[in-house]
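Trainee: I have this one open for the first time. Can you walk me through it?
Mentor: Yes, take a look and ask as you go.

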Amino acid sequence: MNGVPLAVYLGLGLFMFTAGVVGVMIRRNPIVIFMCIELMLNAVNLTFLTFARYQAVKMPIPGDQQASMMAGQMMVIFVMAVAAAEVAVGLGIIMAIFRLRDNIDIDELNLLRG
Amino acid sequence: MHQAFQFPVPEIDFATIAPVVFVALAGIVALVTEMFGNGRDKRTTIWVSLIGLGIALVTCVYQLGLSEYTTFNKMVERDAFASGIHIVIILATALTILFSEGYMRDKRIAHGEFYPLILWSATGAMIMSSTESLLVMFVGLEILSISLYVLAGLSRAEEKSEESALKYFLLGGFASGFLLYGIAFVYGATGSLNLVYVNSALAHSHGSSTQLLLFGLGLMLIGLGFKLSLVPFHLWTPDVYQGAPTNVTAYMASVSKIAAFAALSRILIAYAAIHEMWIPALTAIGVLTMTYGNLVALRQTDVKRMLGYSSIANAGYLLVAVIARGAHPAETSTTTIVFYLLGYSLTTIGAFAVLTLATRNGSEGTKFSDLRGLYQRSPAAAIILTLLAASLMGFPGTAGFLGKLFIVKDGLQSGLTLLVVCLAVNSVISVYYYLGLVKAVFAAGDEASELRLSPLKGGVAVACAACAIGVLFVGIFAGPVLSVIGGAH
């Protein structure tokens, strides 16, 4: 059989997710951190689509296959919609901070300590 | 001739989602009222919100008596647990709204958008807690969280508030990523987004699909662990709780935890078949959460931070009940979790409501020392706070005592001895810092305390009284309360 095996797609997803996680932890600019979160969500989407395609092999009954594939693909649309909503709110918050202090570096956001 | 194509229609019972719809509608009406109102007077908006919540509460209580069923193509679950959690969410939201008006006016942040946002956030919490579908759970979580990100930054002129909003937002998005990645693996193993199929997949599976399911569970636990601020995923909690406006903090500490605990409980029940594999990990998290929360709370000087750490510790206590229920769903009842959440929400919201009295003329005090002289200023508030602290300590006769007692009972029944011992030890440690709070309230005030502290009147008074009476009522009449939240038997 030729074609790209399942593991390659899952591996790429895992790599993207890890890159996102590492990025969130080491970057200092909230906008870049947010881009890393988006990268994590895209890794999730890739994983969902990979598994959705995989259902066609796994499920014996065609009707179940359809429903099962649809579930994964639908989830991707929901993830994208929610990510868009998060961008709207997140950039609003970053703007509000920028108006207050002309600087959004998170190392300087240290008023809250205890 | 072709037969006309017809879409298959799943069985849908719209009455099931009536409570959720009423709360969401109340949010829309509140928004419109706020749009056409004069901007200064918030009374109409508050009444609209409270009436909407009241109607939703009545429908929830009615639904408690019904038998279990699922509808909307298995996307909505109606059982006693869901209705009980809905009731607690609605009560917590209503109490928060009650004490918010005076506080936000005193803090000069009386923005009208608070009311629709908090109602929609409650909608998300309710959606999240009454489903077995991971898709719906995720959407509910995001409706809850996105409204909360905005609410945390409500005090726009204050850097502290914006900083807390940004931290909450980034960590929330990060946590959602983990939760979603976990859901993806559950979907990969079962071919479905519904938790119902996890059980059967675990029952007749070969090794690889069990591994996928376990990996998925681990990632979902990390995601929900952030939301529940379990140690080691708690780092954002004290900062966000301290920076956000106090009424939003009260709401975060109660409602968002209620919803996330309901979701966690459903997920763990789906994984009951392999409970010996996840119990050790969760036990470690539980012990760490309780101990760390309490030990760090001991050395706080800021009341909001202290209550933040106290809420971390409380999440650890409740985790014991959730583990017990997840491991042995057939032998434990749902009422322990709902009962503890009810008592915890009443005490926490009440404590934050009393704390808002230290806000006056645009300045807010949140240190222990800012509460000095509260007893002279308004003895009722001081006594209510003492009562709430007693419940948090677990004093007999209060909701907190019985809540912990039920958790201990469930924990011992499920053989979680280590966690139960840890809970008992931690309850003793926690007495110190709650007593510190009581001491601060009864300390003699000076001339400045008159200017610093607001009098106890209006919505704050109603909310404080309701919390205090509720804590006592739940503590004394536990039998009837338990049979109501237990639903039909």
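**Working through the model**

Trainee: Which element of chain A has the lowest mean pLDDT, and which the highest?
Mentor: Among the elements of chain A, helix α3 (residues 62–101) has the lowest mean, 90, and helix α1 (residues 6–26) the highest, 95. pLDDT is the predictor's confidence in each residue, from 0 to 100. Helices (H or I, at least four residues) and strands (E, at least two) are DSSP runs, numbered from the N terminus.

Trainee: And what does chain A average?
Mentor: Chain A averages a pLDDT of 88, and 94% of the residues score at least 70. This is a predicted model, where local features need pLDDT of at least 70, side-chain atom pairs count only at pLDDT 80 or more, and totals for chains, interfaces and linings use all residues. Residues are numbered from 1 along each chain as its sequence is written, while chains are lettered from A and ligands numbered from 1 in the order in which they are written.

Trainee: How many residues does each chain put into the contact?
Mentor: Chain B gives 35 residues and chain A gives 38 residues. Two residues are in contact if their C-beta atoms, placed from the backbone, lie within 7 Å.

Trainee: Which elements of chain B give two or more residues to that side?
Mentor: They are α5 (134–152), α6 (159–190) and α9 (236–243) of chain B. The largest share, 17 residues, comes from α6(B).

Trainee: What about the classes on that side of chain B?
Mentor: The side of chain B that touches chain A has 16 nonpolar, ten polar and nine charged residues. Ala, Val, Leu, Ile, Met, Phe, Trp, Tyr, Cys and Pro count as nonpolar, Asp, Glu, Lys and Arg as charged, and the others, Gly among them, as polar.

Trainee: Switching to helix packing. How do α11 and α17 of chain B cross?
Mentor: The axes of α11 (residues 275–297) and α17 (residues 417–442) of chain B come within 9 Å and cross at roughly 10°. Axes are lines fitted to C-alpha atoms, for helices over the stretch in contact, and angles run from 0 to 180 degrees between N-to-C directions. The crossing therefore makes α11(B) roughly parallel to α17(B), a label for angles under 35 degrees.

Trainee: Which residues make that contact?
Mentor: Among them are B:Thr283, B:Val287 and B:Met290 of α11(B), and B:Leu418, B:Leu419 and B:Cys422 of α17(B). By class, the contact has nine nonpolar, six polar and no charged residues.

Trainee: Is B:Leu418 buried or exposed?
Mentor: B:Leu418 counts as partly exposed, because 14 C-beta neighbours lie inside 10 Å. A residue is buried if 20 or more other C-beta atoms lie within 10 Å of its own, exposed if 12 or fewer, and partly exposed in between, with C-beta atoms placed from the backbone. B:Leu418 touches B:Thr283 and B:Val287, not counting residues up to four places away in sequence.

Trainee: What about unusual backbone spots?
Mentor: Most residues other than glycine have a negative phi, and most peptide bonds are trans. Here a cis peptide bond joins B:Val231 and B:Pro232, with omega about 5°. B:Pro232 sits in the loop between α8 (207–228) and α9 of chain B.

Trainee: And where is B:Phe72?
Mentor: B:Phe72 is in the loop between β1 (69–71) and β2 (76–78) of chain B, and its phi is near 55°, a positive value in a residue other than glycine. B:Asn73 lies in the loop between β1 and β2 of chain B and has a positive phi of about 55°.

Key: Angles under 35 degrees count as roughly parallel, over 145 as roughly antiparallel, 65 to 115 as roughly perpendicular and the rest as oblique.
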